[in-house]
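User: Please take a close look at one part of the structure below and follow it into its surroundings.

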Amino acid sequence: MQQLSALPHSYKLVRRESRPARTVVRLNNGAAFGTDEIALCAGPCSVESREQIEATARAVAAQGANVLRGGAFKPRTSPYAFQGLGHDGLKLLRDAADRAGMAVVTEVLDPRDVPLVAQYADILQIGARNMQNFSLLRETGEAGKPVLLKRGVAATIDEWLMAAEYLLVAGNDQVIMCERGIRSFDPATRNLLDITAVPVLRALTHLPVIIDPSHGTGAARLVAPMALAGIAAGADGVLVEVHPDPPSAASDGPQSLTFEQFNALVRQMDRVARALGRSVPASLAA
Ligand code: PEP
Ligand code: MN
């Protein structure tokens, strides 16, 4: 294959050729990243209350979402902005996910919180702002839980793969790469969602790759077209922000989908997935 990577000291463990097959990350509730079924991660930006997270979990699980997202420790640009509910938020998130039959993905901001977050989460999220926090990568790599590694806001593909290499060196190969948009010169969208990263990563690494069109665009009306583009490009899953009442969200309201918008998106994803010989998960509603 044509050389796509330029970094001289190449990543040994994450590179595609180091494994006979692609890595599949499987969770206890049956969700999988890296199969023909597209993993559906959905939920609010931040966990805000029991009512908010439980209503969201019920609504998205009924559409087939199998991983509940929600931040309890929030990386905010301003120290005055809502910082998340912390430990209480983790408990609410876990309860809501269990009731809905979902797995949990949530961000760990600080190496000191890794054991706590690992008690509640099925997948530990490393946020874009922390992609090259090497002590956090080491600590998270040793936690024994799958990791969702967001691309840094201005990280090259090589830097992102090297960050993943830290997790594998620490003994954890259950790593999901998440493209969430990079900084660009153009303020028309919050970030520039690099759909190209999906086929590029699929060529360079055996790790599953998913797309986050919420942070990738910053605008609810752009989420569906970019989620579909990500699937068409070969993504193993999507991560989408959904809120019962986006205008009142404590964070990222403008990019959060209503339940109705999420339902419509899943129907569209189903059609695109089928056209490619793939599928979306069945509804978890009883
Ligand atoms: C998030 O998923 O809520 C988040 C903060 O994402 P990112 O690190 O991609 O900004
Ligand atoms: Mn968010």
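Where does D252 lie, and between which strand and helix?

Analyst: D252 lies in the loop between β10 and α9. The model is a predicted one, in which local features need pLDDT of at least 70, side-chain atom pairs count only at pLDDT 80 or more, and totals for chains, interfaces and linings use all residues, while side-chain values use heavy atoms, with hydrogens and water left out. Residues are numbered from 1 along each chain as its sequence is written, and chains are lettered from A and ligands numbered from 1 in the order in which they are written. Helices (DSSP runs of H or I, at least four residues) and strands (runs of E, at least two) are numbered from the N terminus.

D252 has a phi near 55°, a positive value in a residue other than glycine. Most residues other than glycine have a negative phi. With a relative accessible area of 17%, D252 counts as buried; buried means under 20% relative accessible area, exposed over 50%, and partly exposed in between, with a 1.4 Å probe and protein chains only.

D252 is one of the protein donors of the manganese ion (ligand 2), which are C45 (SG), H215 (NE2), E241 (OE) and D252 (OD), at 2.0 to 2.3 Å from the ion. Their spacing in sequence is C-x169-H-x25-E-x10-D. C45 and D252 link distant parts of the chain: C45 sits in the loop between β3 (39–43) and α1 (50–62), D252 in the loop between β10 (237–241) and α9 (259–275), and 207 residues separate the two. Donors here are N, O and S atoms within 2.8 Å of the metal (3.2 Å for Na, K and Ca), and the site may look incomplete because water is not among the atoms. C45 is buried too, with a relative accessible area of 3%.

The donor H215 also has a polar side-chain atom 3.4 Å from an oxygen atom of ligand 1. For K74 the corresponding distance from a polar side-chain atom to an oxygen atom of ligand 1 is 3.0 Å, and for K150 it is 2.9 Å. The protein covers 97% of the 300 Å² of accessible area that ligand 1 has on its own; such areas come from the Shrake-Rupley method with a 1.4 Å probe, and for residues only the protein chains shown count as cover. A polar contact is a pair of N or O atoms within 3.5 Å; within protein, one must be able to donate a hydrogen and the other to accept it, and residues adjacent in sequence count only if both atoms are side-chain atoms. Ligand 1 is surrounded by 13 residues, the closest being R69, Q125, A128, K150 and R180; a residue is near a molecule or strand if one of its heavy atoms lies within 4 Å of it.

K150 leads to the strands. In β7, V147 and L149 point one way, L148 and K150 the other way, and all are buried. Strand β6 (residues 123–126) runs parallel to β7, joined by 3 bridges; strands pair if DSSP finds at least two bridges between them. Q125 has L148 as its bridge partner in β7. From β6 the chain crosses through helix α4 (residues 134–141) to β7 in a right-handed β-α-β crossover. Right-handed means that, with the strands pointing away from the viewer, the path from the first strand over the helix to the second runs clockwise.

On β8, C178 stands opposite K150, and M177 stands opposite L149. Strand β7 (residues 147–150) pairs with β8 in the parallel sense over 4 bridges. Helix α5 (residues 157–169) carries the chain from β7 to β8, again in a right-handed β-α-β crossover. In β8 (residues 175–179), 5 of the 5 residues are buried, so the strand is largely enclosed by the rest of the structure. V175, M177 and E179 point one way from β8, and I176 and C178 the other way.

E179 in β8 is buried at 0% relative accessibility. A polar atom of the E179 side chain lies 3.1 Å from the backbone nitrogen of D194. The bridge partner of E179 in β9 is I211, and β8 pairs with β9 (residues 209–211) in the parallel sense over 3 bridges. With helix α6 (residues 197–204), these strands make a right-handed β-α-β unit. A197 lies in that helix, α6, and is buried at a relative accessible area of 0%.
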